[in-house]
Amino acid sequence: MAEFSLALNEEQEQLKELAEQQLQQLKKRVDALQTEIKQIDTEVKLQAQRVASAKEQAQRFKQLAAEKFVSDIVARQKQDEATDQEIRLQALRRQRSTLDRDLSAAKLEEALLYFLGDEAERLLRSGMSAVDLGAAPGGWTWILARRGLAVTAVDRGALSPQAQHAGAVRHLAQDAFPFRPAHPVDWLVCDIVDKPARVAELIERWFLNGWCRQAIFNLKLPMKQRYRDAALMLARIVAELEDGGGRVACTARQLYHDREEITVWLRRI
Ligand SMILES: C[S@@+](CC[C@H](N)C(=O)[O-])C[C@H]1O[C@@H](n2cnc3c(N)ncnc32)[C@H](O)[C@@H]1O
């Protein structure tokens, strides 16, 4: 009986030990599972963060694309406006150039009326030749060419198409001061904006060299005692030309179309 009881105790001990071992194994397994669950949790959180940041980036790209789209449109609009503005500016410049030409033309018409009067038809007629110094944009050239004169227009600036196609017009884009005509001409006209003494010297040279018979030119008046100084300058031209031989006549006037200048008609008689 005692032997049987001892064997039972031993078996119970063994079962208990086995149960204990199984319990330990289960605990280990649970611990491992809990660690795994934590790792999965961390991974899920990381994935969620990645998804959120990808969404944010996508949103930012969308916004950038929208901003670029808008800025492209604004840039294109600005470009269109600039082109538009340039076209309007060019039109204004053309208008200004036409106005300048018409005003200059009116000035020469007034000079011809005032100085030549009824003699204009005889003194300015088809077949004659003229040089226009400082001709652009071409009002004076236009008037002379329309009266049938062959005109050489000297100016670095461009002539208007009307002046270019008004008749026998030749444009020389060069400095007017050193220019020498190949043959003497009937008329010299000069509307160069420069120091009056320099223009006076130029006109004198033309007459002394016999390059023209008569001239209409402008003298700008920047001097203080403008009319007295201008009168002295003209008297000196006449004296020097008469010293050089022959007689000349000189008429000068501040015309309606003249501002800070006088217009002069000088001719050999
Ligand atoms: C008042 S504008 C002449 C206007 C012209 N008479 C007309 O009817 O259209 C003066 C001109 O002189 C020209 N000019 C100024 N200095 C010059 C120079 N050294 N040689 C040639 N032209 C000159 C300018 O280029 C300008 O076109």
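Two strands are taken here as paired if DSSP finds at least two bridges between them, and this convention applies throughout the tour of what is a predicted model.

Begin by selecting strand β5, residues 212-220, together with β4; the two run parallel and are joined by five bridges. Within this pairing, W187 has Q214 of β5 as its bridge partner. Now trace the chain from β4 to β5: the path leads through helix α5, residues 196-208, and the resulting β-α-β crossover is right-handed.

Next, keep β4 selected and add strand β1, residues 129-133, which runs parallel to β4 and is joined to it by four bridges. To find one point of contact in this second pairing, pick V131, whose bridge partner in β4 is L188.

With both pairings displayed, turn to β4 itself, residues 185-190: is this strand largely enclosed by the rest of the structure, or largely open? Five of its six residues are buried, so β4 is largely enclosed by the rest of the structure.

Finally, select the ligand and the residues that surround it, of which there are 21, the closest being S104, G134, G139, A176 and D191. Two elements give two or more residues to this shell, namely α1 (2-116) and α3 (139-146), and α1 supplies the largest share, three residues. If you then colour the shell by residue class, ten of its residues are nonpolar, five are polar and six are charged.

Note on methods
Residues are numbered from 1 along each chain as its sequence is written. This is a predicted model: local features need pLDDT of at least 70, side-chain atom pairs count only at pLDDT 80 or more; totals for chains, interfaces and linings use all residues. A residue is near a molecule or strand if its C-beta atom, placed from the backbone, lies within 6 Å of it. Ala, Val, Leu, Ile, Met, Phe, Trp, Tyr, Cys and Pro count as nonpolar, Asp, Glu, Lys and Arg as charged, and the others, Gly among them, as polar. A residue is buried if 20 or more other C-beta atoms lie within 10 Å of its own, exposed if 12 or fewer, and partly exposed in between; C-beta atoms are placed from the backbone. A crossover is right-handed if, with the strands pointing away from the viewer, the path from the first strand over the helix to the second runs clockwise.
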